[in-house]
Amino acid sequence: MLDNIVNILLILLGVVLTKLLFISIFFYSDIRAAQKRDPAAKSFMEVILLYPGLHALVYYRIAHALYAVHLFFLARFISQAGRFFTGIEIHPGAKIGKRFFIDHGLGVVVGETAIVGDDVLLYQGTTLGGTGIIKGKRHPTLGNNVVVGAGAKVLGNITIGDNSYIGANAVVIKDVPPNSTVVGVPGRVTKQDGKKMDVALDHVHTLDPIKQSIDELEERIKNLEKK
Ligand SMILES: CC(C)(COP(=O)(O)OP(=O)(O)OC[C@H]1O[C@@H](n2cnc3c(N)ncnc32)[C@H](O)[C@@H]1OP(=O)(O)O)[C@@H](O)C(=O)NCCC(=O)NCCS
């Protein structure tokens, strides 16, 4: 009886160690990316064992491989198992580049036709989503080295240029040029190529209508006060 229990424990230990070895080898660059981008990550082993963003990526890579050979049900099943254990839902059809990192993770959704470049960082609560029920490419394309802040929504078949930063809770529904910072609802570019944008001169991006009304009211109050 005791022998059987010891044998079972040894088998379980073997499975866990094999899994750890598999993840350390095949996800080495993703683990290093997590360590680089999260100052709270203390060790390689901590990332492997305790980072839901990495676990979600492991589920996704397996699901995506199955999706690529048209095993759609199995792919979706693995993706949903990943969602159950991590709180992160990445559709197996999405295309994700190298050194992808999801920090904290909970509530992240990546849609079926989303394309994500290399070195992208998503924070918790971000959505790379569609805007309707049309078929075909309906989710965003993120360039390389893009960061999407906590709770931000990037919606529709739009492109976010390389090295751009989407601020926390922004809702982005239009293309974003490379090297930009976008904040607000709807998202507007506040910085480009390291320079602050003069929002009043920005004719390309729609301004937040509520902010515009408040600005106008403030202006009128100032004028009245002067009088
Ligand atoms: C957008 C962000 C990258 C700041 O970029 P930045 O270029 O350094 O911007 P600044 O701090 O100079 O702010 C520029 C303007 O945008 C405003 N702003 C900054 N972040 C904003 C946000 N998320 N939503 C709305 N407005 C924001 C600032 O108040 C400032 O407004 P002002 O020019 O009227 O004073 C940052 O604020 C952000 O949202 N990061 C997300 C981080 C995150 O999600 N962390 C999660 C950790 S768990």
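# A guided tour: chain, ligand and three buried loop residues

Begin with the whole protein chain: among contacts between residues at least 6 apart in sequence, 31% join residues at least 24 apart. Keep in mind that this is a predicted model.

**Stop 1: the whole chain.** Show the cartoon. The secondary structure comes to 6 helices and 16 strands. The radius of gyration is 22 Å, well over the 17 Å that the globule rule gives for 227 residues, so the chain is more spread out than a compact globule. Now orient the view along the principal axes. The C-alpha atoms fill a box of roughly 95 × 40 × 30 Å. Switch to a surface. About 13400 Å² is exposed, and carbon and sulfur atoms supply 65% of it. Of the 227 residues, 37% count as buried.

**Stop 2: the ligand.** Select the ligand and the shell around it. Which residues surround the ligand? They are His104, Tyr123, Gln124, Gly149, Ala150, Tyr165, Gly167, Ala168, Thr181, Val183, Lys191 and Lys196. Colour that shell by class: it divides into 5 nonpolar, 5 polar and 2 charged residues.

Next, draw distances from the ligand oxygens. One oxygen atom sits 2.7 Å from a polar backbone atom of alanine 150. In the side chain of lysine 191, an N or O atom is 2.9 Å from a ligand oxygen. For lysine 196, the corresponding side-chain distance to an oxygen atom of the ligand is 3.5 Å. Taken alone, the ligand exposes 910 Å², and the protein buries 49% of that.

**Stop 3: threonine 126.** Stay with tyrosine 123, a member of the ligand shell. The side chain of threonine 126 reaches the backbone oxygen of this tyrosine at 3.3 Å. Threonine 126 itself is found in the loop between β6 (121-123) and β7. Is threonine 126 buried or exposed? Its relative accessible area is 0%, so threonine 126 is buried. Expand the selection to its contacts. Leaving aside neighbours within four places in sequence, threonine 126 is in contact with Gly107, Val108, Val109, Val148, Gly149, Ala150, Gly151 and Ala152. Gly149 and Ala150 also appear in the ligand shell.

**Stop 4: proline 140.** Follow the chain past β7. Proline 140 is placed in the loop between β7 (127-129) and β8 (141-142). Proline 140 counts as buried because its relative accessibility is 0%. Which residues does proline 140 touch, not counting those up to four places away in sequence? Select Thr113, Ala114, Ile115, Leu128, Gly129, Val154, Gly156 and Ile158. Then add leucine 155 and measure C-alpha to C-alpha. Proline 140 and leucine 155 are 15 residues apart in sequence and 6.3 Å apart in space.

**Stop 5: serine 164.** Go to the loop between β11 (159-160) and β12 (165-166), where serine 164 is found. At 1% relative accessibility, serine 164 counts as buried. Show its side chain and draw two distances. A polar atom of that side chain lies 3.1 Å from the backbone oxygen of proline 177. The side chain of serine 164 also reaches the backbone nitrogen of serine 180, at 3.2 Å. Widen the selection once more. Not counting residues up to four places away in sequence, serine 164 touches Asn145, Val146, Val147, Val176, Pro177, Pro178, Asn179 and Ser180.

Definitions and conventions
Residues are numbered from 1 along each chain as its sequence is written. This is a predicted model: local features need pLDDT of at least 70, side-chain atom pairs count only at pLDDT 80 or more; totals for chains, interfaces and linings use all residues. Side-chain values use heavy atoms; hydrogens and water are left out. Helices (H or I, at least four residues) and strands (E, at least two) are DSSP runs, numbered from the N terminus. Buried means under 20% relative accessible area, exposed over 50%, partly exposed in between (1.4 Å probe, protein chains only). Contact means heavy atoms within 4.5 Å. A residue is near a molecule or strand if one of its heavy atoms lies within 4 Å of it. A polar contact is a pair of N or O atoms within 3.5 Å; within protein, one must be able to donate a hydrogen and the other to accept it, and residues adjacent in sequence count only if both atoms are side-chain atoms. Accessible areas come from the Shrake-Rupley method with a 1.4 Å probe; for residues, only the protein chains shown count as cover. Ala, Val, Leu, Ile, Met, Phe, Trp, Tyr, Cys and Pro count as nonpolar, Asp, Glu, Lys and Arg as charged, and the others, Gly among them, as polar. The radius of gyration is taken over C-alpha atoms; the globule rule is 2.2 Å times the number of residues to the power 0.38.
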